[in-house]
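Notebook open, structure loaded. I want to jot down what I looked up, one entry at a time.

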Amino acid sequence: MADDREGTVAELQKKIKEAFEVFDRESNNTVDVREIGTIVRSLGCCPSEGELHDLIAEVEEEEPTGYIRYEKFLPVMTKVLLEKRYRPIPEDVLLRAFEALDPAKRGFLTKEELIKYMTEEGEPFSQEEMEEMLAATIDPETNAIHYKDYITTMMIDDS
Amino acid sequence: MGSGTSTQHHFAFQNAEKAFKAAALIQRWYRRYVARLEMRRRCTWSIFQSIEYAGQQDQVKLHDFFSYLVDHFTPSSHNERDFLNRMFTEERFPQDSEMDKCSDYECIEVPDTYTGPRLSFPLLPDHATALVEAFRLKQQLHARYVLNLLYETRKHLAQLPNITRVSTCYSEEITVCGDLHGQLDDLIFIFYKNGLPSPERAYVFNGDFVDRGKDSVEILLILFAFMLVYPKEFHLNRGNHEDHMVNLRGHDGRKLELEGSWSSNPGTAELDVGIPIRLLGSRYGFTKEVMYKYKYNLFQIHGKKILRTLQDVFRWLPLATVIDEKVLILHGGVSDRTDLELLAKLDRHKIISTMRYTARKESEKQAEAKKKDDQASCAQRPTPWFLPQSRSLPSSPFRLGSVPKSPKASRSCSIPCSSPLGRQELSRQVRRSVDLELERCWRQAGFPAVGEAEEPLSPVYKDLEAGELPAATREEWRQVVDILWSDPMAQEGCKANTVRGGGCYFGPDVTEALLQKYNLQLLIRSHECKPEGYEFCHNRKVLTIFSASNYYEVGSNRGAYVKLGPALTPHIVQYQANKATHMLTMRQRISRVEQSALKALREKLFAHSSDLLSEFKKRDTEKTGLISLGDWAAALESVLRLGLPWRMLRPQLVSSAVGNALEYKSWLDNLAKEQLSRENIQSSLLETLYRNRSNLETIFRIIDSDRSGFISLDEFRQTWKLFSSHMNVDITDDCICDLARSIDFNKDGHIDINEFLEAFRLVERSCSEGSASDGSPGTDAAGSGPGRLGAP
């Protein structure tokens, strides 16, 4: 049992190392702090922006340098993965979220509605994020996002 | 009433809270989605780069192998000598005085039916512009004009210094462009967006004009034409690909397939101009392109002439350009021993190829000098990669085998240093075991055993006749290799560039020292593909500029060029010569490039199936047929050595894992099924061929020195044997014979190289078309193919 656990930890840490190295452009065991979100999320976690900021605070230097060192990142991230923190969102939960924004149960959100919710509510999108999401989701004919289909497509893509 | 209102408020509050939470959830989910896309994009990039560089390593390895044989093998019979000579003659086309006479092109007639551009000399700006337009319309320049242009180009280049000095006093703005690699769309786009060259608009093209893209010839012709028309304003630097030895290589495993046809909109101010041109799929080495475009009757005379002249033209290309004595522009980079004065003084025409150093002729006096030289530098002689002690990959031709590490030892072989006795002894041992190894191989290959050779006598050097000026010195050669092959790195210092196999990695301190030494302020170089088309490093003292957009695949990267005014402030312009990409969403773009990368990666995996299987078996100690995913990743890395994030890539490469365990044999079988469709070829043989096809092609081209397009079965067999034994490929004699015979389609005892390669392409094409067609190939759109590989 103990062996198993060690094996799991070792394997997890290899995964973390790999993901980190993809962004370690200078091969000096540091990454730009702005890439941490991408690394964490590509390891299977789905933190909110707030949770991400907390995580970054944990791995930053006392005097923030704009870079995160691998030595600090590894133990924190290992813990996150072992505890299975920041779980990804299942398809049905995501669907209900969209439905909550569509109380009339039309099955879609208009472009304006989507923009309003995404840029004014929750943890608002930047303009770039909004534009990219619109490009990918809005049906140009109806100018709306049919969220059920959208989710299905994305989930396949994402697997 | 009161309670009603508060209930309403309560509901309102709840609804607002719901909306807030719902939005937050969607955003959270979306951000993760985007992050995963970004990770995929990065991984895809790594795949392309690592495969590209591994391919370069292969080529260098192959070259090393041949070089080593030349240096150490003494042929004992006339046949062997001839055979070797044909294989290793550095000069593909020996120098003859005819080269200086202009009779070569004058006797070529241009038929009346020819509708392409006609050139007359001296060239006028209109001619150059007409060329651009003609090529845009897919016309081809007649061989006569090509040769004429090349002769004029060579005459012009020969009187230029090694380092061109440019001033912003003459033309106010100077545009510097990086690698184009035969991608004509990008060149045409640059001229469209930035303007054609003129006395007010100077250009510097920083090397690597050819190879990989399909229009290397056209790019060269355009560049040379403008250089002749605007000699003061239009400048070229030599790149590592302006080298006939590098051009010999078939391909690098990349496939570029774009749809559509060209149409330009000069009326609009659109940034993106090109609807992409269809690039003939797959593998283009420049040599192949020329031979394909300039076939003339059975003997491909024009192609040969053009290549012969180009070989010379490349050697006359300047090595670097300096703007206002402040900005240094060269193709690769620098090393901690780069000496601009030496580079300015050497005879650059003597640097035939940066792939291999051509030593001086062995005369009595020189043999003496060489002995001294050898003793001093033998410790620095690279341990050939095919020796047992250096089999650990990735090996570099420059790495010093087991010599104890010292600061100098970690650099690329440069300064021959006086060696302590220990090193001499070691190198003697090395040479002895190498000789033994060599003997074994030659015996295997069917040549009689050779005695130990203390001193390499190389008949191949007879090209340098007595009375000719000696070749470049080793030091001069290395200086040029350094500036054409080096890459910057983040760490300080200077070390051998093991990835490329030539030049070095140089750190910010090296840059700083060089800039200070020569009172410069910026180094502009190319040589490396960058996602944004450019990249600053070393405190913005080094700028990489790369002008071939969509280099790996549609959507893979932007191209860029940089403009400098009298203030010498760099102003970067980016582009992507493919309108289609802009219409795709990020997801689609990434997905497309990713598919391409994964395909290339799967091919590579397949090519190493046997090695992978044995690695898997090693880790399957209980013989369950299963291994963990961690072991899977480790096995892949130990065989392929690409440094890729295998765990990240696993979902794309393995679909069949149950839990953490993978049935490796069936995974390998599935890989094979994707790649194969010919039951009548043994899969192991095809696998081997796949892995070595680019090397095979290169070998063929080397053997086929007269470019007849044919080699004899026997030559093929012998060469393959030699090659395979050193590449550690296990193939029985029977297999080789079978293979040779099956390739000889018309049974005349000769293999047509082109047919062989064509057959390969057919195999690949029908493989990619899927196993839907039950292995009944050869009837596809290619029309008259040479028939199935292996069919009677």
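Before anything else, the cut-off I'm using: a residue is buried when its relative accessible area is under 20%, exposed when over 50%, and partly exposed in between. Also worth a reminder to myself that this is a predicted model.

**Entry: a helix in chain B**

I started with α5(B), which covers residues 143-158 of chain B. The helix has 16 residues and spans 22 Å from first C-alpha to last, close to the 22 Å expected at 1.5 Å a residue. Then I asked myself: how many of the residues of α5(B) are buried? I get 12 of the 16, so the helix is largely enclosed by the rest of the structure. The buried set includes some I'd have guessed, such as V146(B), L147(B), L149(B) and L150(B). It also takes in N148(B), T153(B), R154(B) and H156(B).

**Entry: chain B overall**

I zoomed out next. Chain B carries 25 helices and 18 strands. Of its 792 residues, 59% count as buried. I also checked the contacts in chain B with a separation of 6 or more: 75% of them come from residues 24 or more positions apart.

**Entry: where chain A meets chain B**

How much area do chain A and chain B bury between them? I read off about 4,100 Å², with 63% of it on carbon and sulfur atoms. Chain A puts 48 residues into the contact and chain B puts in 34. I count five salt bridges across this interface. One entry I wrote down in full is R31(B) with E49(A), at 3.8 Å from N to O. Polar contacts across the interface come to 15 residue pairs, both partners at pLDDT 80 or more. On the chain A side, the elements giving two or more residues include α1 (2-23), α2 (36-42) and α8 (147-158). The top contributor there is α1(A), with seven residues. Sorted by class, that side of chain A has 24 nonpolar, eight polar and 16 charged residues.

**Entry: salt bridges within the chains**

Over all chains I find 37 salt bridges. I looked at two in chain A. R69(A) pairs with E61(A), closest N and O atoms 2.8 Å apart. R69(A) is partly exposed at 32%, while E61(A), at 19%, counts as buried. That 19% only just earns the label, given the cut-off of under 20%. The other pair is E83(A) and R85(A), at 2.9 Å from N to O. Here E83(A) is partly exposed at 42%, and R85(A) is partly exposed too, at 23%.

In chain B I picked E38(B) and R42(B), whose closest N and O atoms are 3.2 Å apart. Both sit in α1 (residues 2-72) of chain B, four residues apart, about one turn of the helix. An α-helix has 3.6 residues a turn, so residues three or four places apart point the same way. R42(B) is buried, at 14% relative accessible area.

**Entry: E535(B)**

Last stop. E535(B) lies in strand β11 (residues 534-537) of chain B and is partly exposed at 23%. Which side chain does E535(B) make a polar contact with? The partner is the side chain of K530(B), at 3.2 Å. I also noted F546(B), 11 residues from E535(B) along the chain, with 8.9 Å between the C-alpha atoms.

How values were computed: Residues are numbered from 1 along each chain as its sequence is written. Chains are lettered from A and ligands numbered from 1 in the order in which they are written. This is a predicted model: local features need pLDDT of at least 70, side-chain atom pairs count only at pLDDT 80 or more; totals for chains, interfaces and linings use all residues. Side-chain values use heavy atoms; hydrogens and water are left out. Contact means heavy atoms within 4.5 Å. Buried area is the accessible area (1.4 Å probe) that two parts lose on being put together, summed over both. A salt bridge is a side-chain nitrogen of Lys or Arg within 4 Å of a carboxyl oxygen of Asp or Glu. A polar contact is a pair of N or O atoms within 3.5 Å; within protein, one must be able to donate a hydrogen and the other to accept it, and residues adjacent in sequence count only if both atoms are side-chain atoms. Ala, Val, Leu, Ile, Met, Phe, Trp, Tyr, Cys and Pro count as nonpolar, Asp, Glu, Lys and Arg as charged, and the others, Gly among them, as polar. The expected span of a helix is 1.5 Å times one less than its number of residues. Buried means under 20% relative accessible area, exposed over 50%, partly exposed in between (1.4 Å probe, protein chains only).
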